[in-house]
Amino acid sequence: MKKVFISLDTEGLSGLTSWEEMANDPSCAGKAYIRELTWILDELFKSAPELEEVTICDSHSRGENLPYGAFDDPRITLVSGYPRQDYMLATLDSTYDMLMLVGYHGMIGSKYALMDHSYSASGLYNVRINGTAVGEVELNSFYAASLGVPLCFVAGDDILEAELAETELRPEFVRTKEGLGRFSAKLYSPSALEGQFREKVRKAVERQRKGDFKVVKAGSPISLEMDLVTTVMADAVEMIPVVTRPSGRTIAYTSTSFRDVMHIILVTAIITGRYVNYR
């Protein structure tokens, strides 16, 4: 195993319950990032000393959350900033052996999911692939699968854990907290979590070496439907030449390329952000 890709989100990190607390004290997210990544990276390099590169893709908001140099190791690369191609998976390609999703969360509308959303809390209410509602984990795993990269490890809350149990995906999973509402949770202490992170990273490496992870692709052609928050958002997104608008708030698109599907989702998130407070 030579290369590992870590996509790093925020809402599923241990110790965090709301965007407000992160806005009031940005350091709290940084501490959570560094805490979990320290356990993951340390165990990765112990379990797979042959690793040549671990890419950390800072994937929350504008991707400016993890300080440069937080992990000063020549094998570690950092993707940061926004906008960028492929956003949460920017620079991922077929040379990577493993995808890890850290700090991830339940899809938009999930009961008790912490800070639930699917790529954009302000613009997208529901995202469906081939008729099935999906969140960021499923979308990112489908894109990685189109490159031949398996999803091997996920860390997030118990709502996300339950959602994944309903899919074909079987990554090693660390439950970081229990959702009690969109901005409330039962939190676990770091000392209770460290051993779980280390154990699941070791298991992920072992299973990957055995070829135990299934690469789960979306069926082709890929049918995308997105329910937007308001009709004015749909008015704007409808102007993208390749999309259709089957109903007032729903935008649709079909392709054989999952990367193209992801780009339509990302462009829609960017456009709808412009119309959050439009009057």
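**Two sheets and their helices**

Colleague: Let's start small. Which residue in β11 is the bridge partner of N126?
Modeller: That would be D227. Keep in mind as we go that this is a predicted model.

Colleague: Okay, and how many bridges join β5 to β11?
Modeller: There are 5 bridges between β5, residues 124–129, and β11, residues 222–228, and the two strands run antiparallel.

Colleague: What order do the strands of that sheet come in?
Modeller: The order is β6-β5-β11-β13-β12, so to speak reading across an open sheet of 5 strands with antiparallel pairing.

Colleague: Why is one side of β6 and of β12 left without a neighbour in the sheet?
Modeller: Those two strands, β6 at 132–133 and β12 at 244–247, are at the edges; each has a single partner strand, so nothing in the sheet sits beside its other side.

Colleague: Which strands does helix α7 touch?
Modeller: Helix α7, residues 258–273, packs on this sheet and touches β5, β11 and β13 (250–255). The direction of α7 makes about 10° with that of β11.

Colleague: Switching to the other sheet: how many strands form it, and is the pairing parallel or antiparallel?
Modeller: It has 6 strands in the order β3-β2-β1-β4-β7-β8, and the pairing is parallel. The edge strands are β3 and β8 (172–175), each of which pairs on one side only. On average, neighbouring strands here are turned by 15° against each other, direction ignored.

Colleague: What about β2, is that strand largely enclosed or not, and why?
Modeller: Of the 6 residues of β2 (53–58), 5 are buried, so the strand is largely enclosed by the rest of the structure. On one hand, β2 pairs with β1 (residues 3–8) in the parallel sense over 6 bridges, with F5 standing opposite T55. On the other, β2 pairs with β3 (residues 76–79), also in the parallel sense, over 4 bridges. There the bridge partner of I56 is L78.

Colleague: And which residue in β7 does Y104 stand opposite?
Modeller: Y104 faces G156. The two strands involved, β4 (residues 98–104) and β7 (residues 151–156), run parallel and are joined by 5 bridges.

Colleague: Which strands does helix α3 lie across?
Modeller: Helix α3, residues 136–146, lies across β4 and β7 and runs at about 165° to β4. Helix α5, residues 190–210, packs on the sheet too, touching β4, β7 and β8, and its direction makes about 170° with that of β8.

Colleague: Stay with α5 for a second. What should its 21 residues span?
Modeller: At 1.5 Å a residue they should span 30 Å, and the end C-alpha atoms are 30 Å apart, which agrees.

Colleague: Which residues of α5 are buried?
Modeller: They are L193, F197, R198, V201, A204, V205, R207 and Q208.

Colleague: What follows α5?
Modeller: G211 does, and its phi is positive, near 70°.

Colleague: New topic, cysteines. How many disulfides does the count come to?
Modeller: The count comes to 0 disulfides. For C57, the nearest cysteine sulfur is that of C152, 17 Å away, while a disulfide needs the sulfur atoms within 2.5 Å.

Colleague: Is C57 buried or exposed, and why?
Modeller: C57 has 0% relative accessibility, so it counts as buried. C152 also has 0% relative accessibility, so C152 counts as buried too.

Terms used
Residues are numbered from 1 along each chain as its sequence is written. This is a predicted model: local features need pLDDT of at least 70, side-chain atom pairs count only at pLDDT 80 or more; totals for chains, interfaces and linings use all residues. Side-chain values use heavy atoms; hydrogens and water are left out. Two strands pair if DSSP finds at least two bridges between them. Contact means heavy atoms within 4.5 Å. Axes are lines fitted to C-alpha atoms, for helices over the stretch in contact, and angles run from 0 to 180 degrees between N-to-C directions. Buried means under 20% relative accessible area, exposed over 50%, partly exposed in between (1.4 Å probe, protein chains only). The expected span of a helix is 1.5 Å times one less than its number of residues.
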